[in-house]
Amino acid sequence: MEEKLVLATTDSGAEGAEVASYIYMDWGADFVLHHDLNFSDVTPYLSFDLGSLALSYVLASGGSGYFRMSAEEHTAAGQLHLVLDMPQYSYPVYAVEICKC
């Protein structure tokens, strides 16, 4: 299955990733490639490689970053706001079953 990665922020007036508190979340090689093509001039404030940690940090300290659309509970609660007209990226989700046959 695929999930969407969307730019979300605690600042309801933000218009892009150029905000001073942009947090970079490394979602893998495909994301890095497409992100760098779209945001070559953006210098992240911080960088994370664990999505839940990055999301917790942004919720506690403010800022913006690319997060899984499953964080929509935070947008529904008004804690995060989607930044419109920004690229969205696909994020594949895999399930593996280990059979002890």
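**Notebook: strands, a salt bridge and aromatic pairs**

I began with the β-α-β unit, which β2, helix α1 (residues 29-38) and β3 make in the right-handed sense. I note at the outset that what I am reading is a predicted model.

**Entry 1: the whole chain.** I looked up the secondary structure and found three helices and six strands, and reading from the N terminus on, I wrote down their order as β-β-α-β-α-β-α-β-β. For the extent of the chain I took the box filled by its C-alpha atoms, which comes to roughly 55 × 30 × 25 Å along the principal axes. Of the 101 residues in the chain, 34% are buried, and the chain exposes about 6,500 Å², of which carbon and sulfur atoms supply 52%. I also checked the contacts with a separation of 6 or more, and 70% of them are accounted for by residues 24 or more positions apart.

**Entry 2: strand β2 and its partners.** I then returned to β2, which spans residues 22-25, and asked whether its faces are buried or exposed. Both faces are covered, since I find Y22 and Y24 buried on one side, and I23 and M25 buried on the other. Looking for its partners, I found that three bridges join β2 to strand β3 (residues 46-48) and that these two run parallel, with I23 standing opposite L46 in β3. Strand β4 (residues 64-68) also pairs with β2 in the parallel sense, over two bridges, and here I noted S64 in β4 as the bridge partner of Y22.

**Entry 3: the salt bridge.** How many salt bridges does the structure hold? My search gave one, formed by R68 with E3, whose closest N and O atoms are 3.0 Å apart. Because R68 lies in strand β4 and E3 in strand β1 (residues 2-9), the pair ties together parts that are 65 residues apart in sequence. I looked up the cover of each residue as well: R68 is partly exposed, with a relative accessible area of 29%, whereas E3 is buried, with a relative accessible area of 12%.

**Entry 4: the aromatic pairs.** Searching the whole structure, I found seven aromatic pairs. One of them is formed by W27 and Y91, an edge-to-face pair at 5.0 Å centre to centre with 70° between the planes. W27 lies in the loop between β2 and α1, and Y91 in strand β6 (residues 89-92), so this pair ties together parts that are 64 residues apart in sequence. W27 counts as buried, at 12% relative accessibility.

I also wrote down the edge-to-face pair of F31 and Y66, with 5.7 Å centre to centre and 65° between the planes. This pair links distant parts of the chain, as F31 is in helix α1 and Y66 in strand β4, 35 residues apart. Both rings belong to buried residues, for F31 has 4% relative accessibility and Y66 has a relative accessible area of 1%. Following the ring pairs further, I saw that they link Y24, F31, F39, Y66 and Y89 into a cluster.

**Entry 5: the start of the chain.** Last, I looked up M1, which is found in the segment before β1 and counts as exposed at 73% relative accessibility. Which residues does M1 touch, not counting those up to four places away in sequence? I recorded Y91, P92 and V93. The C-alpha atoms of M1 and Y94 are separated by 6.7 Å, although these residues are 93 residues apart along the chain.

Note on methods
Residues are numbered from 1 along each chain as its sequence is written. This is a predicted model: local features need pLDDT of at least 70, side-chain atom pairs count only at pLDDT 80 or more; totals for chains, interfaces and linings use all residues. Side-chain values use heavy atoms; hydrogens and water are left out. Buried means under 20% relative accessible area, exposed over 50%, partly exposed in between (1.4 Å probe, protein chains only). Helices (H or I, at least four residues) and strands (E, at least two) are DSSP runs, numbered from the N terminus. Two strands pair if DSSP finds at least two bridges between them. A crossover is right-handed if, with the strands pointing away from the viewer, the path from the first strand over the helix to the second runs clockwise. A salt bridge is a side-chain nitrogen of Lys or Arg within 4 Å of a carboxyl oxygen of Asp or Glu. Contact means heavy atoms within 4.5 Å. Accessible areas come from the Shrake-Rupley method with a 1.4 Å probe; for residues, only the protein chains shown count as cover. Rings of Phe, Tyr and Trp (its six-membered ring) pair if their centres lie within 6.5 Å; planes under 30 degrees apart count as stacked, over 60 as edge-to-face and the rest as tilted.
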